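User: I am new to this structure and would like a close look at one part of it, with enough of the surroundings to see where that part sits.

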Amino acid sequence: MTLLQDLRDSGATVVCVHHDLQTVTEYFDSVTLLNVRRIASGATNDVFTEENLRATYGGRMAWLKTAAQTEPAQD
């Protein structure tokens, strides 16, 4: 993740497939949620919500509520 953050900080666009939802707000400025189709995309603060996570994963992952409410890391 440090390498990806260094690339981002140097101005590069970094696209990453990431499945550790508990760290999304910590690592990423923007996010796209997919489930066969695009559910939502944009700034992490706007997109990584309980509503969008439910649309993406359904009721299968109850702990996502906590992940969606996590504040992003401050620069």
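Is T44 buried or exposed, and what is its relative accessible area?

Analyst: The model is a predicted one, and in it T44 is buried, with a relative accessible area of 3%, which falls under the 20% cut-off for a buried residue. To place T44, it helps to begin with the chain as a whole. The protein chain has five helices and two strands, and, read along the sequence, these follow the pattern α-α-β-β-α-α-α. Of the 75 residues in the chain, 25% count as buried, and T44 is a buried residue.

T44 lies in helix α3, which covers residues 44-47, while strand β2 covers residues 37-43. Leaving aside residues up to four places away in sequence, T44 touches V24, T25, F28, D29, S30 and V31. These contacts can be followed into the elements named elsewhere in the model: helix α2 spans 24-27 and strand β1 spans 30-35. For the protein chain in general, residues 24 or more positions apart account for 24% of the contacts with a separation of 6 or more.

One of the residues that T44 touches, F28, deserves a closer look. A search of the whole structure finds one aromatic pair, and this pair is formed by Y27 and F28, edge-to-face, with 6.3 Å from centre to centre and 85 degrees between the planes. The two partners fall into separate accessibility classes, because F28, at a relative accessible area of 18%, lies under the 20% limit and is buried, whereas Y27, at 22%, lies above that limit and is partly exposed.

F28 also leads to the largest pocket, which has a volume of about 700 Å³. Of the 26 residues that line this pocket, the closest to its centre are C16, F28, S30, V31 and T32, and F28, S30 and V31 are also among the residues that T44 touches. Helices α1 (2-9), α2 (24-27) and α4 (50-57), together with strand β1 (30-35), each supply at least two residues of the lining, and β1 gives the most, with five residues. By class, the lining has 16 nonpolar, eight polar and two charged residues.

Strand β1 is joined to β2 by six bridges, and the two strands run antiparallel. Within this pairing, L34 stands opposite R38 in β2. The hairpin of β1 and β2 has one residue between the strands, and V36 has its place in the loop there. The phi of V36 is near 70 degrees, a positive value in a residue other than glycine. At 90% relative accessibility V36 counts as exposed, in contrast to T44, which at 3% is buried.

On the other side of helix α3 in the sequence, F48 has its place in the loop between α3 and α4. F48 counts as buried, at 3% relative accessibility. F48 and L33 are 15 residues apart in sequence, and their C-alpha atoms are 8.2 Å apart in space.

To draw the picture together, T44 is a buried residue of helix α3, and the residues it touches include F28, S30 and V31, which are among those closest to the centre of the largest pocket.

Notes. Residues numbered from 1 in each chain as written. Predicted model: local features only at pLDDT ≥ 70, side-chain atom pairs only at ≥ 80, totals over all residues. Heavy atoms only, no water. Phe/Tyr/Trp six-rings, centres within 6.5 Å; stacked < 30°, edge-to-face > 60°. Buried < 20%, exposed > 50% of the residue type's maximum accessible area, 1.4 Å probe, protein only. Helix = DSSP H or I, 4+ residues; strand = E, 2+ residues; numbered from the N terminus. Contact = heavy atoms within 4.5 Å. 1 Å grid on protein atoms, 1.4 Å probe; cavity = no way out; pocket = protein on both sides within 12 Å on 5 of 7 lines; lining within 4 Å. Points joined across faces, edges and corners; volume = space filled by probe spheres on them. Nonpolar A, V, L, I, M, F, W, Y, C, P; charged D, E, K, R; others polar. Pairing = 2+ DSSP bridges.
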